[in-house]
Amino acid sequence: TVAHCSGCQQRGGQGFYDAFRTYFQQPRIGIVLAFILVYRLGEALLLKMTAPFLLDRPEAGGLGLATDTVGFVYGTVGVMGLCCGGILGGWAIARWGLARCLWPMALMLNVPNLFYVYLAAVRPGLLTVVCLVTAEQIGYGFGFSAFAVFLMNIAREPYQTSHFALSTGFMALGMMVPGMLSGFIQHATGYFFFFVIVVIAGLPGLVLLPFLPVANAPR
């Protein structure tokens, strides 16, 4: 029994090592890791400052919405848009495949960040705010679907679960660090230029798209 347990531990340790080894031996792993870290860079900055922007007083550059209004705009209608975008993204990938959908879906994730530049510059009425925030959330859900499927696509047998866990760990790192810095950046630049930076931060992920190993991604 002791020998059997020792053998199980050795096989378990070897499997743990092999999961890491096979993950980092994948083709273009440097490009893949860079993409995982930066694909949501703009969204990572935006995510932490959306609610403060909606709530902050106009003199500080915000929209000055009431707390319950922000809850409705971002927490209710926005979440519905996010869910709809995710469902549409999943349907699109199932219909046309990841390789064909990655570019338009990446654009849908990043281009709507321009809406916040417009909101900070113009400060329109509530109806426009609701429409643009919802549209941005639809684009986020739509674009994130491609990212999630890409992470599944690079998870290889027989360590699919471990590979996917490693990818999501790098994804979390790519969200955490920009989120930590977003408040400092906004305080230094103001909301308008902060949102301009958010738009620019979406460009590195787009630049890496042509180099990703997704040409033969399964449909």
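Student: How many contacts beyond four places in sequence does the model have for residues 215-219, where pLDDT stays under 50?
Tutor: This is a predicted model. Over residues 215-219, pLDDT stays under 50. Where pLDDT is low, the predicted coordinates should not be read in detail. With that caution, the model's count of contacts beyond four places in sequence for residues 215-219 is 8.

Student: And how many such contacts does the model have for residues 2-12?
Tutor: Residues 2-12 also have pLDDT under 50 throughout. For contacts beyond four places in sequence, the model's count over this stretch is 0.

Student: What is the average pLDDT of the protein?
Tutor: Start with the share of residues that score at least 70, which is 91%. The average over the protein is a pLDDT of 89.

Student: How many helices and how many strands does the protein have?
Tutor: Read the elements from the N terminus on: α-α-α-α-α-α-α-α-α-α. The secondary structure therefore comes to 10 helices and 0 strands.

Student: Is Leu 33 buried or exposed?
Tutor: Leu 33 sits in helix H2, residues 29-38. Its relative accessibility is 16%. The cut-off for buried is under 20%, so Leu 33 counts as buried.

Student: Which residues does Leu 33 touch, not counting those up to four places away in sequence?
Tutor: Leave out the sequence neighbours up to four places away. What remains for Leu 33 is Tyr 23, Phe 24 and Phe 170.

Student: What separates the C-alpha atoms of Leu 33 and Met 108?
Tutor: Along the chain, Leu 33 and Met 108 are 75 residues apart. In space, their C-alpha atoms are separated by 21 Å.

Student: How many disulfides are there?
Tutor: A disulfide needs two cysteine sulfur atoms within 2.5 Å. By this rule the count is 0 disulfides. Take Cys 83, which is in no disulfide: the nearest cysteine sulfur belongs to Cys 84, 6.9 Å away. That is too far for a bond, so the count stays at 0.

Student: Which exposure class does Cys 84 fall into?
Tutor: Cys 83, at a relative accessible area of 45%, is partly exposed. Cys 84 has 42% relative accessibility. Partly exposed lies between the 20% and 50% cut-offs, so Cys 84 counts as partly exposed.

Student: What share of the exposed area do carbon and sulfur atoms supply?
Tutor: The protein exposes about 11200 Å². Of its 219 residues, 42% are buried. Carbon and sulfur atoms supply a share of the exposed area equal to 71%.

Note on methods:
Residues are numbered from 1 along each chain as its sequence is written. This is a predicted model: local features need pLDDT of at least 70, side-chain atom pairs count only at pLDDT 80 or more; totals for chains, interfaces and linings use all residues. Side-chain values use heavy atoms; hydrogens and water are left out. Buried means under 20% relative accessible area, exposed over 50%, partly exposed in between (1.4 Å probe, protein chains only). pLDDT is the predictor's confidence in each residue, from 0 to 100. Contact means heavy atoms within 4.5 Å. Helices (H or I, at least four residues) and strands (E, at least two) are DSSP runs, numbered from the N terminus. Accessible areas come from the Shrake-Rupley method with a 1.4 Å probe; for residues, only the protein chains shown count as cover.
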